[in-house]
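This report sets out how the helices and strands of one chain are arranged, for a reader who has the model at hand. Please look through the sequence and the structure first, and then follow the text element by element.

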Amino acid sequence: MCKKPAPGRCRKQIQALCLCLLLCGMCSLSLQEQGAKNPRGGVKTDCYERILLYCDVEFWKPPGWGVEPDTITGDITRRTGIALDVTVPEQDADRRLSLMLLNDELPDLISVTDETVIRQLVTSGKVWNLEEFLSKYGKQSHLLTEFPQDVKQELIKRDGAWYAYPSHLDSAQARTIWKPGSDYYGQYVKYNYNYAIIWNKKLLKRLGIDQTKLHTLRQVQAALQKAAKSGLLVSGRQVVPLLMDGSSYQDTALGFLMQTFGAMPLDEQGSYRDIRLSPQAKQALRFMQDAVAKGYCPSDTLVISNEKVKEEIASGRVLCFIGNIANAAFTGRDWISSGAVLSPDGSAPVLGKSSGANRGWISTFVAKDCACPEKTAAFLDYMTSDEGMKLWMYGYEGEHYTCDGQGLIVRTREQRRLEDWYTKTGIGAWWMFNNAAWSRSVLKEPEKGSQEELEDQARMAYGRDAHTVIYDSAPFDFTGQISAQSWLGRKENDINAWAEQAVPEVVLAKDEEEFEQRYERLVQGMEKRGIQIVDREKNTYYKENCKTLTLKDGG
């Protein structure tokens with residue numbers, strides 16, 4: 001049953017007053033009524049609780065949570081007794097959450113990516129250890145018996161205990177629990193990388209650009225220049241030569257460009273160095289600045305939302321996109337990746353793939369004073385279960401997907417379209433509960449030449465490129481070695497905040513001379529805040545991690 005809200009949580013006090021009477025009436029339904037079958041299948045219940053979910057992924061825009069029958073959110077509510085009120089601030093999400101924590105106003109579910117906030121939640125004593133939470137309120141949950149131990153150990157290494165459910169769950173043990181449906185997905189795991197460069201096939205053809213000759217920096221720049229000077233129109237609008245992932249460009253577009261130009265977090269002597277201080281990182285920033293200064297990439301597109309990025313991609317007027325193609329709603333028939341972009345200095349493109357278990361991207365916590373712990377436990381269990389993930393990720397069988405003779409899911413074209421526009425449709429919307437290993441175990445290998453296969457090829461193009469060197473990034477993971485609250489962690493946070501503020505100034509420099517001045521200011525600001533000290537400490541941990549991995553490998 002639902003417990004009394006904690007003091008200071010105004011919403012839940014009001015909610016308790018309203019719902020107590022409502023629940024008393026609604027929950028008095030007969031067992032026969034409560035067990036009535038939903039037309040879609042599963043148990044129907046009209047007795048539900050609304051809880052709050054807060055997320056700091058500012059470009060995630062989930063649909064409203066309706067409770068109507070025969071809708072995905074409505075059917076989740078009928079199976080779990082939970083409906084979500086979701087809050088995703090457009091800015092300052094982590095600062096706002098820190099204030100909520102300070103004021104004892106935590107939402108019921110908290111889905112966050114920021115390591116500092118994660119540490120604040122863990123050390124506050126105000127979020128549940130999931131082992132304890134599920135043992136108390138969800139004894140039958142599959143998470144108590146099925147959760148991969150190698151992932152759990154990584155989360156314990158980070159947080160001291162198992163506090164969070166990680167999104168996009170994947171690891172060696174996860175792939176033994178949920179075995180890939182085919183060898184195809186083994187290759188996908190090895191080579192996929194969501195940050196990429198892709199090209200509009202139709203515009204390449206109209207511009208007379210050979211898509212097989214877009215592998216060097218000079219070739220890419222020449223193609224962008226040709227598009228800028230062409231005067232080509234699409235539906236009466238000017239062609240955009242380059243789009244660099246909107247407001248996310250510092251992580252995604254810059255991340256790809258640094259790697260394709262060969263940037264690694266090591267200096268020439270093999271000691272740890274912040275990747276942003278590498279010559280290749282400067283080259284990546286120079287490419288971006290040059291593209292903006294010459295009008296290839298309109299400066300106003302560097303602040304647009306992900307939703308607007310998708311609209312630009314769908315418009316057909318963008319020639320080249322660099323960024324997170326997993327969240328760009330591109331179509332495999334219309335777009336192709338050229339793989340790596342080779343730097344003039346001869347540096348090999350690199351791709352870091354960790355040999356260790358990942359801790360996911362979004363970490364979801366349960367507040368200790370959550371309004372309805374039993375139903376919240378049921379909700380967490382269902383959203384991460386086979387049945388639940390099939391529903392919210394793929395929709396309804398027969399309508400959005402079919403199953404082949406082996407029981408593997410075959411998605412329809414309509415399902416893929418709806419997933420791309422999850423904000424409006426709800427399919428594939430609940431990223432924090434995504435299990436990548438499970439997905440690959442239930443999906444049928446796409447047919448050769450299908451749109452899905454072509455999109456997978458785009459995600460694997462960089463990793464498969466003959467020039468790309470794949471290395472083990474596990475030694476560069478300092479989780480458990482550097483606490484966000486330690487003096488080193490605070491210094492690193494200060495450096496990152498400075499860089500995030502200074503990078504746009506570098507990218508928006510009007511010419512090469514101003515670029516050099518602003519780049520030097522970026523570096524000096526990092527040095528002033530102690531980047532050499534951070535690098536020196538990290539180098540010690542890096543060497544230790546290398547020795548540990550060598551021992552594990554039997555070397």
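## Helix packing and sheets

Helix 10 and helix 21 are oblique to each other, and this description, like the others below, refers to a predicted model. Helix 10 covers residues 183-191 and helix 21 covers residues 451-464, and the two pack with their axes 8 Å apart at an angle of about 45°. Because angles under 35 degrees count as roughly parallel and those from 65 to 115 as roughly perpendicular, with the rest below 145 oblique, the angle of about 45° falls in the oblique class. The crossing in which helix 10 passes helix 21 is left-handed.

On the side of helix 10 the contact is made by Tyr184, Gln187, Tyr188 and Tyr191, which meet a set of residues in helix 21 that includes Glu453, Asp456, Arg459, Met460 and Arg464. Sorted by class, the contact of helix 10 with helix 21 holds four nonpolar, three polar and four charged residues.

Helix 14 takes part in two further packings. With helix 22 (residues 487-507), helix 14 (residues 279-293) packs at an angle of about 50°, the axes being 8 Å apart, and this makes helix 14 oblique to helix 22. Here Leu285, Met288, Gln289 and Val292 of helix 14 meet Val503, Val506 and Val507 of helix 22, and the residues of this contact divide into six nonpolar, one polar and no charged.

Helix 13 (residues 253-260) is the other partner, and its axis comes within 8 Å of that of helix 14, the two crossing at roughly 125°; helix 13 is thereby oblique to helix 14. The crossing of helix 13 and helix 14 is right-handed. Ala253, Leu254, Leu257 and Met258 in helix 13 meet residues of helix 14, among them Ala281, Ala284, Leu285 and Phe287. By class, nine nonpolar residues, one polar residue and no charged residues make up the contact of helix 13 with helix 14.

The three contacts are set out by residue class below.

| Contact | Nonpolar | Polar | Charged |
|---|---|---|---|
| Helix 10 with helix 21 | four residues | three residues | four residues |
| Helix 14 with helix 22 | six residues | one residue | no residues |
| Helix 13 with helix 14 | nine residues | one residue | no residues |

Turning to the strands, five of them form an open sheet of mixed pairing in the order 2-1-3-12-4. Strand 2 (82-87) and strand 4 (165-166) stand at the edges, and since each has a single partner strand, one side of each is left without a neighbour in the sheet. Strand 1 (residues 49-55) pairs with strand 2 in the parallel sense over six bridges, and within this pairing leucine 52 has aspartate 85 of strand 2 as its bridge partner. Helix 4 (residues 93-102) packs on this sheet, where it touches strand 1 and strand 3 (109-112), and its direction makes about 125° with that of strand 1.

A further open sheet, also of mixed pairing, is formed by four strands in the order 8-9-5-10. Its edges are taken by strand 8 (240-243) and strand 10 (335-337), each of which has a single partner strand, so that one side of each is left without a neighbour in the sheet. On average, and with direction ignored, neighbouring strands of this sheet are turned by 20° against each other. Strand 5 (residues 195-200) and strand 10 pair over three bridges in the antiparallel sense, and isoleucine 198 stands opposite serine 337 in strand 10.

For the chain overall, there are 24 helices and 15 strands. The radius of gyration is 25 Å, close to the 24 Å that the globule rule gives for 555 residues, so the chain is as compact as a globular protein of that length. The C-alpha trace spans about 75 × 55 × 50 Å along its principal axes.

Terms used
Residues numbered from 1 in each chain as written. Predicted model: local features only at pLDDT ≥ 70, side-chain atom pairs only at ≥ 80, totals over all residues. Heavy atoms only, no water. Pairing = 2+ DSSP bridges. Contact = heavy atoms within 4.5 Å. Axes fitted to C-alpha atoms, helices over the stretch in contact; angles between N-to-C directions. Left-handed = near helix turned anticlockwise from the far one by under 90°. Nonpolar A, V, L, I, M, F, W, Y, C, P; charged D, E, K, R; others polar. Rg over C-alpha atoms; globule rule 2.2 N^0.38 Å.
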